[in-house]
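Biologist: Please show me the model. I will ask how each description is arrived at.

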Amino acid sequence: MSPRRAVRLLMFACASALVATGAHARDVARDKAAIDASLDKTYPHLDALYRDIHEHPELSFQEAATAAKLAKEMRALGFEVTEHVGVTGIVAIYTNGKGPMVLVRTELDALPMEEKTGLAYASHATQMLGGKPTPVDHSCGHDIHMAAWVGAAQQLVAMKASWHGTLMFIGQPAEETGGGAEGMLKDGLFARFGKPDLGFAQHVGPAPYGSVSYRAGVNSSNADFLNVTFHGRGGHGSMPNLTIDPVMEAARFTVEVQSVVSREKDPFAFGVVTIGSIQTGSAGNIIPDTAVLHGTIRTFDAGVRAKLLEGIRRTANATAAMSGAPAPEVEFISSGKSVINDAAITARTEKVFKAAFGDRAVYAPQPGPPSEDYSEFIIAGVPSLFWGLGGYDPKAIAAAAANGQTVPGNHNPYFAPTPEPTIRTGVEAMTLAVLNVMNP
Ligand SMILES: [Zn+2]
Ligand SMILES: [Zn+2]
């Protein structure tokens with residue numbers, strides 16, 4: 001441990017003790033009022049940045065223009081910015097005296113899908129994916145996170161007289177495909193820039209805007225991609241007896257694999273298997289050679305995960321055996337481990353969120369089924385809190401619920417958070433959470 005880090009840790013330990021005993025606790029209402037007043041002036045700039053990023057989304061590891069925009073913003077605020085950390089990642093450091101080093105992370109990437117919101121600032125962008133031009137959409141809301149990330153940096157710099165420490169703001173590529181957080185770590189994120197004492201990140205979702213939700217412990221799922229290739233023997237559609245039909249294998253497997261979830265897994269334990277893509281065949285009268293399936297597997301618990309992976313592999317092998325086909329290729333690729341929130345940081349931040357947002361600060365009773373590679377930073381030794389940020393008009397949520405429906409969630413082509421209240425709450429929550437651990 002470097003002397004600098006030892007001093008930082010000691011300072012942080014002292015700061016934690018002070019916060020825990022209530023001494024030197026910040027006046028959250030006063031901080032929030034200061035942030036709100038400042039946002040009244042700075043929001044138009046954040047709004048323009050948000051719309052620009054939304055209209056020009058970029059796919060995982062292709063976020064060159066997005067990263068350059070953020071780097072420019074952070075340099076203008078006085079951060080020392082390094083680009084191309086883990087391909088397209090950026091690291092922005094702001095040192096303000098002795099104190100803890102705090103990680104604040106946003107993702108940079110968007111999704112390969114067509115936006116259908118019809119918004120004035122909707123994306124019409126395409127990028128190459130697998131050699132094909134593909135529509136791109138910020139339908140996971142990472143554009144909201146980026147605007148709130150710049151906004152929080154702006155606020156923290158404006159309030160620098162009232163805190164001490166080092167900010168490590170990172171723009172992480174490729175959250176959607178997985179590999180972005182890992183790529184930054186492998187490129188020496190902590191070795192080159194220092195290892196943060198703690199970290200924060202937030203994610204927008206279809207909850208009421210103005211609200212935040214958080215929980216200690218498991219916050220999101222383990223995610224594994226599933227790739228299965230069934231091999232058959234192609235031939236004429238009128239003579240199936242001379243073939244081994246991989247379309248039949250794909251169909252059987254898609255149905256049978258759900259019995260692993262419903263019959264083998266503990267019904268009280270969370271576990272999901274979804275086959276989202278089946279690619280096979282070219283015409284109705286041709287039996288193809290192969291069928292390729294892609295899916296996703298989500299779990300909270302490592303034991304449940306192992307059980308599902310074993311059951312899926314066994315089901316794929318048995319399906320092929322039923323058809324007298326060769327063994328299939330079955331591949332699992334981990335794209336994110338569960339985010340496990342630190343209990344002490346959660347408790348400390350909860351007090352601030354309650355003081356700032358009242359009953360719109362909600363303790364989440366359950367983890368969320370999506371997954372996140374922010375877990376890589378936690379596994380690498382940065383205790384953290386990752387919270388949820390509401391993005392929709394409460395009236396729209398209530399109207400949808402009255403019809404037995406929900407507003408469009410993340411990864412839906414109609415996903416459309418309301419920018420201003422969502423970004424403002426994101427800026428407030430992030431700024432207050434960081435200030436709370438950086439007391440002088
Ligand atoms: Zn997503
Ligand atoms: Zn996301």
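**Strands, helices and domains**

Modeller: This is a predicted model. Strand β1 (residues 80-85) and strand β2 (residues 89-96) run antiparallel and are joined by 4 bridges.

Biologist: What makes β1 and β2 a pair?

Modeller: A pair needs at least two bridges, and β1 and β2 have 4. They therefore pair by that cut-off. In this pair V81 stands opposite A92 of β2.

Biologist: What lies between β1 and β2 in the hairpin?

Modeller: There are 3 residues between the two strands, and G86 in the turn has a positive phi of about 70°.

Biologist: Which open sheet do the strands form, and in what order?

Modeller: The open sheet has 8 strands in the order β1-β2-β6-β3-β7-β19-β8-β17, with mixed pairing.

Biologist: Why do β1 and β17 stand at the edges?

Modeller: β1 and β17 (361-363) each have a single partner strand, so one side of each is left without a neighbour in the sheet. On average, neighbouring strands of this sheet are turned by 25° against each other, with direction ignored.

Biologist: How do you know that β7 and β19 pair, and how do they run?

Modeller: Strand β7 (residues 198-208) is joined to strand β19 (residues 384-392) by 8 bridges, and the two run parallel. The cut-off is at least two bridges, so β7 and β19 count as a pair. One of the bridges has Q202 partnered with W387 in β19.

Biologist: Which helix lies across β7 and β19?

Modeller: Helix α10 (residues 343-357) does, and it also lies across β8 (212-214) and β17. The helix runs at about 160° to β8.

Biologist: Why are α2 and α13 called oblique to each other?

Modeller: Helix α2 (residues 28-55) and helix α13 (residues 419-436) pack at an angle of about 135°, with axes 9 Å apart. Roughly perpendicular covers 65 to 115 degrees and roughly antiparallel starts over 145. The angle of about 135° falls in neither range, nor under 35 degrees, so α2 and α13 are oblique. The crossing of α2 past α13 is right-handed.

Biologist: Which residues of α2 and α13 meet?

Modeller: From α2 they include I35, L39, Y43 and L46, and from α13 they include I423, V427, L432 and L435. By class the contact has 11 nonpolar, 1 polar and 6 charged residues.

Biologist: Why are α7 and α9 oblique to each other?

Modeller: The axes of helix α7 (residues 246-256) and helix α9 (residues 302-322) cross at roughly 140° and come within 9 Å. Roughly antiparallel needs an angle over 145, and roughly 140° does not reach that, so α7 and α9 are oblique. α7 passes α9 in a right-handed crossing. E249, R252, F253 and E256 of α7 make the contact with T315, A316, T319, A320 and M322 of α9. That contact has 4 nonpolar, 2 polar and 3 charged residues.

Biologist: How is the chain divided into domains?

Modeller: Domain 1 takes in 3-219 + 338-436, and domain 2 takes in 221-335. Their centres, taken over C-alpha atoms, are separated by 36 Å.

Biologist: How many residues of domain 1 are in contact with domain 2?

Modeller: 8 residues of domain 1 are in contact with 7 residues of domain 2. Strand β18 (residues 368-371) gives the most to the domain 1 side, with 3 residues. The residues on that side divide into 4 nonpolar, 3 polar and 1 charged.

Definitions and conventions. Residues are numbered from 1 along each chain as its sequence is written. Chains are lettered from A and ligands numbered from 1 in the order in which they are written. This is a predicted model: local features need pLDDT of at least 70, side-chain atom pairs count only at pLDDT 80 or more; totals for chains, interfaces and linings use all residues. Axes are lines fitted to C-alpha atoms, for helices over the stretch in contact, and angles run from 0 to 180 degrees between N-to-C directions. A crossing is left-handed if the near helix is turned anticlockwise from the far one by less than a right angle, and right-handed if clockwise. Two residues are in contact if their C-beta atoms, placed from the backbone, lie within 7 Å. Ala, Val, Leu, Ile, Met, Phe, Trp, Tyr, Cys and Pro count as nonpolar, Asp, Glu, Lys and Arg as charged, and the others, Gly among them, as polar. Domain bounds come from an automatic or database domain assignment.
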